[in-house]
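Subject: Structure handover

Hello,

Here is the structure we discussed. Please look it over alongside my notes on pockets and charged pairs below.

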Amino acid sequence: MTPLHLNPKGQSKKVISILTLHCLALLISKILISDVIYVGQREVAILNPGQNFGLRYIGSEDATTCHIITMRNPQSGKCALAHLDHVPSKGLDHIAHKLQDNSDAASEELEFHIFGGYQDEQDISEELSLQLISYLIKSQFKFMLGYCVTGSHNTSYGSESEKSKYPRPKLYGIGIDVFSNEVFTADFPDHSPDPDLRHVRLSFRQYDSYDHYYQVKDFLYEDWNCDKGTFVIEPFGFHHSPDISWMSKAPDGFLLKNMSTSPKVEPKDFCASMRRASQMVLDHPEPLKTVFRNNTAKTFIYSENEKKWILCVNK
């Protein structure tokens, strides 16, 4: 695969042509259990191989219409991975700036890979793909586009023996080894730390106003502090919608129809995860007291010896 160098302001035809490359066959598959920062929807993590705190991988899964992107500084090896359901230009600029160690935007070229999105019936994936390509074209930063596995090249219609034929993604998850720069398809049995709380933040966060909502949406949640080696979930309120009680017990069909952009192809845990998040909202009517003790962030560190995330308890 020949990488495509993207300079600001131009080369749109070359960028779109990269979508025709069939890259999926080049990727191997892994199951990641430890030494990984798991990135959820609307989240991003940066990992520096020179200061890794016992961690080796960044990864994400459950991408149907969403896209998973990686961004890497080839000089330092510092790498970012994000899970996008829209294109937060300010958030992506912020990450690119951090990968360049806050130097001039034109000074270094960043490697950029795109995964996820398929030929869904509502063309949600295509719209997101084009918005992401547009960001790359117009950005002040220089990018070298590598893998771009989306659209028809990430779409399957099932095996020959299946009676029901409908489009579905070929891949759901991606990981990257920050030491070797190997990119691979991946499964993640564990989405720690605190995946249910992060799901509540995604689906049931309380916002002060519409302006507050759009301010948050302009960026990505960056819980992992790559300089300190801490994973910090900042306090936020829970939105107690009138139907939250029903959602905590709702059947799969209702949740898939009303809470998914791709109801036919969601991962197996989609509905159970939604019910757990709904139940957490019900269980904590005052989360700033009971979840975030005294309105204090929840902080985790990764134990290299125990191979798991440990909650730091404030005394």
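The largest pocket holds about 1200 Å³ of space. Bear in mind that this is a predicted model. The pocket is lined by 40 residues. Nearest its centre lie Q41, D62, H199, L202 and F270. Three helices, α3 (124–138), α4 (195–204) and α8 (270–283), each supply at least two residues of this lining. α4 gives the most, with 7 residues. By class, the lining has 13 nonpolar, 14 polar and 13 charged residues.

The second largest pocket has a volume of about 360 Å³. Its lining has 22 residues. R201, Y221, E222, D223 and E234 are the ones nearest the centre. α4 appears here too, and α4, α5 (210–217) and β14 (224–225) each give at least two residues to this lining. The class split is 11 nonpolar, 2 polar and 9 charged.

There is also 1 cavity of 30 Å³ or more. About 40 Å³ of space lies in the largest cavity. Its lining consists of I37, Y38, V39, E43, V44, A45, R198, D223, W224 and F231. The elements that give two or more residues to that lining are β3 (36–38) and β4 (44–47). By class, 7 of the lining residues are nonpolar, none is polar and 3 are charged.

Now the charges. The model has 17 salt bridges. One network of salt bridges links E43, R198, R201 and D223. D223 is among the residues nearest the centre of the second largest pocket, and D223 also lines the largest cavity. R201 is likewise among those nearest that pocket's centre. E43 and R198 are both in the cavity lining.

Three further pairs are worth opening in your viewer.

- R42 and D85 meet in a salt bridge, at 2.8 Å from N to O. The pair links distant parts of the chain, 43 residues apart. R42 sits in the loop between β3 and β4, and D85 in the loop between β7 (79–84) and α2 (89–99). R42 counts as buried because its relative accessible area is 18%, under the 20% cut-off. D85 is partly exposed, at 25%.

- D218 forms a salt bridge with K90, with the closest N and O atoms 3.8 Å apart. Here the partners are 128 residues apart. D218 is in the loop between α5 and β14, and K90 is in helix α2. D218 is partly exposed, with 32% relative accessibility. K90 is exposed, with a relative accessible area of 51%.

- D194 and K298 meet in a salt bridge of 2.8 Å, N to O. They lie 104 residues apart. D194 is in the loop between β13 (183–187) and α4, and K298 is in strand β16 (residues 298–303). D194 counts as buried at 18% relative accessibility. K298 also counts as buried, at 17%.

One last residue to check is R205, in the loop between α4 and α5. What is the nearest side chain of opposite charge to R205? D208, at 7.1 Å. R205 is buried yet has no salt bridge. The pair with D208 does not qualify because a salt bridge needs the nitrogen within 4 Å of a carboxyl oxygen. R205 does have a polar contact: its side chain and that of Y221 are joined at 3.0 Å. Y221 is one of the residues nearest the centre of the second largest pocket.

Over to you.

Notes: Residues numbered from 1 in each chain as written. Predicted model: local features only at pLDDT ≥ 70, side-chain atom pairs only at ≥ 80, totals over all residues. Heavy atoms only, no water. 1 Å grid on protein atoms, 1.4 Å probe; cavity = no way out; pocket = protein on both sides within 12 Å on 5 of 7 lines; lining within 4 Å. Points joined across faces, edges and corners; volume = space filled by probe spheres on them. Helix = DSSP H or I, 4+ residues; strand = E, 2+ residues; numbered from the N terminus. Nonpolar A, V, L, I, M, F, W, Y, C, P; charged D, E, K, R; others polar. Buried < 20%, exposed > 50% of the residue type's maximum accessible area, 1.4 Å probe, protein only. Lys, Arg positive; Asp, Glu negative; His and termini not counted. Polar contact = N/O pair within 3.5 Å; in protein donor to acceptor, adjacent residues only side chain to side chain.
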